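Grab your viewer and work through a few exercises on this model. Try each task before you read its solution.

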There are 2 protein chains.
Amino acid sequence: MDRYKNIGLKLTPQRLAILDFLEGNTTHPSAEEIFAAVSDRFPTMSFATVYNTLETLKEKGAVIELTGDPRKKRFDPNTAPHHHLICIRCRRIADVQVDYKIDLPRSSRMGFEITGNHIEFYGVCPACRKGGPEKTGSGVQTAGEESHEN
Amino acid sequence: MDRYKNIGLKLTPQRLAILDFLEGNTTHPSAEEIFAAVSDRFPTMSFATVYNTLETLKEKGAVIELTGDPRKKRFDPNTAPHHHLICIRCRRIADVQVDYKIDLPRSSRMGFEITGNHIEFYGVCPACRKGGPEKTGSGVQTAGEESHEN
DNA sequence: CAATTAGGTTAGAATAATTATAAAGAGATG
DNA sequence: CATCTCTTTATAATTATTCTAACCTAATTG
Ligand SMILES: [Mn+2]
Ligand SMILES: [Mn+2]
Ligand SMILES: [Zn+2]
Ligand SMILES: [Zn+2]
């Protein structure tokens, strides 16, 4: 939490509540989930404040926004480079700390200046394998979900 | 186009128009863009039909849905495993045909059964480098955009 | 201390994307 | 033709996100 003292932000109670909820959280929550968790300890919290704060934190580099769940934005307080493992049934997202050296050859860069990369692994989580959760109706079919093994 | 004859679908004019637009299209268009392109040759086309068709094609495995643009879903008629290069300014998405062997060690699988993977490379496209497009306001800061080089 | 200022929070309205509903159309079948 | 099934359409409803304008609050100034 001390890590936030120097990001050039006024640390208001609301922001602290959000940061506190995010701190060490590896569930990659959505704005909605953050709002739910924080507003119950902090009943005056507004949805706008959650979005405002997340936007600000994003700009300051204190959180990153994840794609991978096409239904909503999700946020990650872990800003160190890492990859993700996504359940194609319930969209649970787990961290992958393995380091990969993936370099895009200049000939494949299409003139882009490369700034980074991110791997999404797809799979079925333990709960969903047991006919479990699957909050998502029929599952969201996304790129790579049926790539060949490597 | 013949490839669609055997996907077990009634090939209605609307579906053919959509498939025709998608065929060989490497721009990874959104539903909106598909609707715009198709409805002008086919004025009675409904937005619902675009979504219905895309959903059906997705189920049949004829298109895949891309994440990576947090603002809207985008679709790819190229269902062969491949990766993508995304402009962090304008969200243009280009194909990456390079093949990577990325294996997730069993110890990092968290009990998931892995079904595939997908790499997103981030960068700035040629147009945006020249202070060009950048239809997106301040750019969407997303996971991996500032990973270290590998 | 009163007045200003800048930034933050709030409720609620407004947008944008997507999904759901129900009526109408079109083709195949008997 | 009557019926069945699938498709399309218009429109309403939902969901997620962003915008707006009023209100607060802490710090600063005179
Ligand atoms: Mn993470
Ligand atoms: Mn592609
Ligand atoms: Zn799951
Ligand atoms: Zn660009």
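Here, buried means under 20% relative accessible area, exposed means over 50%, and partly exposed is in between (1.4 Å probe, protein chains only). You're looking at a predicted model, where local features need pLDDT of at least 70, side-chain atom pairs count only at pLDDT 80 or more, and totals for chains, interfaces and linings use all residues. Residues are numbered from 1 along each chain as its sequence is written, chains are lettered from A and ligands numbered from 1 in the order in which they are written, and side-chain values use heavy atoms, with hydrogens and water left out.

**Exercise 1. The metal site**

Find which residues coordinate the manganese ion (ligand 2), and work out what the pair His82(B) and Asp95(B) ties together.

Step 1: collect the donors, meaning N, O and S atoms within 2.8 Å of the metal (3.2 Å for Na, K and Ca); water is not among the atoms, so sites may look incomplete. You get His28(B), His82(B) and His84(B) through NE2, plus Asp76(B) and Asp95(B) through OD, at 2.0 to 2.2 Å.

Step 2: read the donors along the chain, and the spacing is H-x47-D-x5-H-x1-H-x10-D.

Step 3: place the pair. His82(B) lies in the loop between β2 (74-76) and β3 of chain B and Asp95(B) in strand β4 of chain B, so the two tie together parts that are 13 residues apart in sequence. Helices (H or I, at least four residues) and strands (E, at least two) are DSSP runs, numbered from the N terminus.

Step 4: check burial. His82(B) has a relative accessible area of 6%, so it is buried; Asp95(B), at 18%, counts as buried too.

**Exercise 2. A strand in chain A**

Is strand β3 (residues 83-87) of chain A enclosed or open?

Step 1: five of its five residues are buried, so β3(A) is largely enclosed by the rest of the structure.

Step 2: sort the side chains. His83(A), Leu85(A) and Cys87(A) point one way, while His84(A) and Ile86(A) point the other.

Step 3: look for partners (two strands pair if DSSP finds at least two bridges between them). With β4 (residues 93-96) the pairing is antiparallel over four bridges, and with β5 (residues 113-124) it is parallel over four bridges. His84(A) has Asp95(A) as its bridge partner in β4(A), and Cys87(A) stands opposite Gly123(A) in β5(A).

Step 4: inspect the hairpin of β3(A) and β4(A). Five residues sit between the strands, and Arg91(A) takes a positive phi near 65°.

**Exercise 3. DNA strand C**

Work out which part of DNA strand C accounts for its atoms within 4 Å of the protein.

Step 1: list the residues around the strand (a residue is near if one of its heavy atoms lies within 4 Å). There are 15, and Thr12(A), Arg15(A), Thr44(A), Tyr51(B) and Lys73(B) come nearest.

Step 2: split the strand's atoms. Sugar and phosphate account for 83% of those within 4 Å of the protein.

Step 3: check phosphate oxygens for polar contacts (N or O pairs within 3.5 Å; within protein, one must be able to donate a hydrogen and the other to accept it, and residues adjacent in sequence count only if both atoms are side-chain atoms). Side-chain polar atoms of Tyr51(B) and Lys72(B) lie 2.5 Å and 3.4 Å from such an oxygen, and Arg15(A) has a side-chain N or O at 2.7 Å.

Step 4: find the top contributor. α3(A) gives the most to this surface, with three residues.
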